[in-house]
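Work through the two exercises below with the model on screen. Try each task before you read its solution.

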Amino acid sequence: MNSKILELQQIKREFIMGTETVRALKGVSFDVHAGEFVTIMGSSGSGKTTLLNLLGCLDKPTAGNYLLDGVDVGNLSRNELARLRNRKIGFVFQAYNLLPRTSALENVELPLFYNPSLSASERKDKAVKALEAVKLADRLDHTPSQLSGGQQQRVAIARALVNQPVMILADEATGNLDTRTSYEIMSLMQDLNKEGKTIVFVTHEPDIAAFSNRTVMLRDGKVVKDTVNENVRSAKEALESLPPADDY
Amino acid sequence: MSAINLVRIALRALQRNKLRAFLTMLGIIIGVAAVIAMVAIGEGSKESIQSQLSAMGSNMITILPSSNVSGGVRIEGASFQSLTIVDVKAIQKNAEHVSAVSPVSSTKGQAIYGALNWPTSLQGVAPSYFDIRKLEVADGVSFTDADVATAAKVCVLGKTVINNLFPSGESPVGKVIRLNSIPLQVIGTLVPKGQSSFGQDQDDIILTPYTTVQKRILATIYFQSIYASAVSEGTSAQATDEITEILRETHRLRPGDENNFQVRTMEELIKTLSSTSSLLTVLLTAIAGISLVIGGIGIMNIMYVSVTERTREIGLRMSVGARGVDILLQFLVEAIIISVTGGIIGVILGVTTAQVITLTLGWPTIVSESSIVLSFMVCALTGVFFGYYPAQAASRLDPIEALRYE
């Protein structure tokens, strides 16, 4: 639990909008160690999204160093970034971003298609295992339209897991879900974290941040607070404490 | 990414939009089918013209008077009188590569038998004309050199003339018909030849000795044309040269003078006709080719729409590790699958169409392998060409923006 998965050193990101320079990140530094469950919080305009894009290797910093699992991202080409995303990062999006009219299994298989070393049977095995891990083993052939929001998000999490990434990067992953389903997802996240997965969870809900063991607070492109959460709330208990819903 | 994966991903993407994929394909299908069917029609008509010509006798040589300068005035070929019996005799005697020669002196006239009459063409020829034109006598006999010598009032009738003068089906042989008030005894009938490739009825004809036409009807010593036949098809060029030389001599042309006649072989005619029908083929192919291009533009259009519609998908694929080239190849392979599948269906449809045309309309069609290969290759290239730009547009998307695309 001491190896650094993420190392951010004085990360700056500036955008040139016409004649103006927008400084979205003004020198962000923090590390994330293996096995941590970090939430990144901040109101809109705080640079949260920009940071997420950088962490996800979708973007490169204007200045500063970002090391993902020991690799300096700043020096990589577009193709090398793509490879890095494929091998080291699992994305979970707010809007699930599943392929429509495509079975859960095929959706989960998607990242593996971009890994040429895998055979078709290996691909299927891994995808089935990932879906089992999110408790959707009985929904392999269902298309997104046949799944509930929570189930769709679980498929998305399975897709993020399938490549055995060093980090799961979730962007407002509970934003489209009701409280109960959000807690279910968080419970799943906590389980994955217990199994050793490093999770970086971007959110603006303090409620959700309570389930993580560390919170990084951003404001105006700077880290304003970086606190370790001493008493992590258990999502499972939170779920049980909810009044029973009619539809369950 | 392996080729199999690429194809698999592209196929799945197409499966999600079956109807659209099919409609896009339809442009290619129609384009390819049109190319193949059109080329088949063009080639078929070319072939049938050629086979008709060789049935007419492909070693045939035609000598026609041509325009000449007479006192500074150029005179139209047909009205110019330059071919006489002297020319015919000279060719007969001196040309080694010519096996038969016959003058033709023809006129139009109203053939009359009993109460019936029929406007037709009367051709005065030598007996050798039957060999040259591959004419056969069905009933009765043909006339002889003796008939020619006496300008005998005998004739051989073509089928059309018989049908019009003897509609009841009685045999015309032995009957006497009148043409321009001259009585002619029918001594034979011709085996029908049908229409020529020019649409001319080859059976609407009365044959008679050339002397009969020249002396009894036209009162002229000139011929409209001379027909000859080369010893074989291969020697028709030598025969042409010989005839030209002989006629220049008999016409007393000085070196440097223009020929006042023209010698045509069937070879030239075959060439002329094939080039005409080649032009037809080219035109048909061009039209069909345009429809293929339109099909290609259809692919391009749909691929662009597809790229825009699937922007989020592209963003997602990029975020899970697809490189630009992976996205490019995915869309390119989709376009190629559409065009190649369309091409295969188009080939099948084109070949079927050609056969249906032959069966229903009776037009001869020849499906040439080259047209299949060519149109198939063109449509594969169309897929690459028209699929490339949308695919490239997709591969250049910024994953961040693509993921947020609404």
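**Exercise 1: a covered helix**

The buried residues of H5 in chain A pack against S6 (89-92), H3, H4, S7 (167-171) and H6 (179-194) of chain A, and against H10 (311-319) of chain B. This is a predicted model: local features need pLDDT of at least 70, side-chain atom pairs need 80 or more, and totals for chains, interfaces and linings use all residues. Residues count from 1 along each chain as its sequence is written, chains are lettered from A in the order written, and side-chain values use heavy atoms, without hydrogens and water.

Task: find how many residues of H5(A) are buried (under 20% relative accessible area, 1.4 Å probe, protein chains only).

Solution.
1. Locate the helix, a DSSP run of H or I with at least four residues. H5 of chain A covers residues 149-161.
2. Check its length. Its 13 residues reach 18 Å from first to last C-alpha, close to the 18 Å expected at 1.5 Å a residue.
3. Count. Twelve of the 13 residues are buried. Among them are A:Gly150, A:Arg154 and A:Leu161.

**Exercise 2: the interface**

Task: describe how chain A meets chain B, starting with contacts (heavy atoms within 4.5 Å).

Solution.
1. Count residues. In chain A 28 residues touch 27 residues of chain B.
2. Look for salt bridges (Lys or Arg side-chain nitrogen within 4 Å of an Asp or Glu carboxyl oxygen). The interface has two. One of them joins A:Glu106 and B:Arg12, at 3.4 Å from N to O.
3. Find the helices. H1 (48-55), H2 (78-88), H3 (104-113) and H4 (120-133) of chain A each supply at least two residues to the side touching chain B.

Note on methods. The expected span of a helix is 1.5 Å times one less than its number of residues. Buried means under 20% relative accessible area, exposed over 50%, partly exposed in between (1.4 Å probe, protein chains only).
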